[in-house]
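Here are my notes on the structure you sent over. Have it open while you read, since the points go from place to place in the chain.

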Amino acid sequence: MVIGPKGEQLGTKAIKDALTLASYAGFDLVLINPNSNPPVCKIMDYNKFKYENKKRTKENLKKQREANLEMKEYRLSVTIDVHDFDTRVKNSSKYLEKGHRVKATVKFKGREMAHPELGKDVLLRFAEAQKEIAVIEQNPKLEGKVMSIILGPNKEK
């Protein structure tokens, strides 16, 4: 099965005839789908096809990178002091202003596991301290001995 350079179907042709048609048109004969019955070939400029394909792949990777902006992790503890807390808030706010995401985690040690609500309070206080520049993307979630929250930059700022 042969498809012309403008997308029109030229019907089922022998390989020699299809190659002759392609050479008269100044293009290449490219096998598109070898598994179908009959195999599908298209008359096209193969170098242009490869170039556009490469360009499309590069564009998709670029969009994927933009979607997965960097994420910085800040570790807090249940018994964090005020100054340490303020320092982490200040550092993370600089990172959020650049447009990146922030993950704050609290790791429970020993008997702290008996009171996970204390860790949740610390994480919510961390998010509350940055409510002007950040939005909560993922609420505090306990995974094993670690509770985490994810903050993203506020788009409405």
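What follows is a set of numbered points on this predicted model, each on one part of the fold.

1. Start with the sheet at the N-terminal end. It is open and has four strands in the order 2-1-4-3, with mixed pairing. The edges belong to strand 2 (9-11) and strand 3 (28-33); each has a single partner strand, so one side of each goes without a neighbour in the sheet.

2. Now the pairings, one of each sense. Strand 1 (residues 2-3) runs parallel to strand 4 (residues 40-44), and two bridges link them. In that pairing Ile-3 sits opposite Lys-42 of strand 4. Strand 3, by contrast, is antiparallel to strand 4, with five bridges between them, and here Asp-28 faces Met-44 of strand 4. The connection from strand 3 to strand 4 is a hairpin through six residues.

3. Is strand 4 largely enclosed or left open? It is largely enclosed by the rest of the structure, because four of its five residues are buried. As for what lies over the sheet, helix 1 (residues 15-25) crosses strand 1, strand 2, strand 3 and strand 4, at about 125° to strand 3.

4. Val-30 is a handy residue to click on in strand 3. With a relative accessibility of 11%, Val-30 counts as buried, since the cut-off for buried is under 20%. Beyond its sequence neighbours up to four places away, Val-30 touches Val-40, Cys-41, Lys-42, Met-44 and Tyr-46. One distance to look at yourself: the C-alpha atoms of Val-30 and Ser-77 are 61 Å apart, with the two positions 47 residues apart along the chain.

5. Next, the largest nonpolar core. It holds 21 residues, and Leu-76, Val-106, Leu-123 and Phe-126 have the most contacts inside it. Two or more residues each come from strand 5 (71-76), helix 3 (82-97), strand 6 (101-107), helix 4 (116-128) and strand 8 (146-153). As background, nonpolar side chains tend to be buried together in soluble globular proteins.

6. Which residues does Leu-123 contact, leaving aside neighbours within four places in sequence? They are Leu-76, Ala-104, Thr-105, Val-106, Pro-140, Met-147, Ser-148 and Ile-149. Two of these, Leu-76 and Val-106, are also on the list of residues with the most contacts inside the core.

7. The aromatics deserve a look too. The whole structure has two aromatic pairs. One of them, Phe-85 with Phe-126, is edge-to-face, at 6.1 Å centre to centre and 80° between the planes. Phe-85 belongs to helix 3 and Phe-126 to helix 4, so this pair ties together parts 41 residues apart in sequence. Both rings come from buried residues: Phe-85 has a relative accessible area of 6%, and Phe-126 has a relative accessibility of 0%.

8. Last, a polar residue tucked away: is Gln-130 buried or exposed? It counts as buried, at 1% relative accessibility. You'll find Gln-130 in the loop between helix 4 and strand 7 (134-143). Its side chain reaches the backbone oxygen of Val-89 at 3.5 Å. Outside the four places on either side in sequence, Gln-130 has contacts with Val-89, Ser-92, Ser-93, Leu-96 and Leu-151.

Technical notes: Residues are numbered from 1 along each chain as its sequence is written. This is a predicted model: local features need pLDDT of at least 70, side-chain atom pairs count only at pLDDT 80 or more; totals for chains, interfaces and linings use all residues. Side-chain values use heavy atoms; hydrogens and water are left out. A nonpolar core is a set of buried Ala, Val, Leu, Ile, Met, Phe, Trp, Tyr and Cys residues joined through side-chain atoms within 4.5 Å. Buried means under 20% relative accessible area, exposed over 50%, partly exposed in between (1.4 Å probe, protein chains only). Contact means heavy atoms within 4.5 Å. Two strands pair if DSSP finds at least two bridges between them. Axes are lines fitted to C-alpha atoms, for helices over the stretch in contact, and angles run from 0 to 180 degrees between N-to-C directions. A polar contact is a pair of N or O atoms within 3.5 Å; within protein, one must be able to donate a hydrogen and the other to accept it, and residues adjacent in sequence count only if both atoms are side-chain atoms. Rings of Phe, Tyr and Trp (its six-membered ring) pair if their centres lie within 6.5 Å; planes under 30 degrees apart count as stacked, over 60 as edge-to-face and the rest as tilted.
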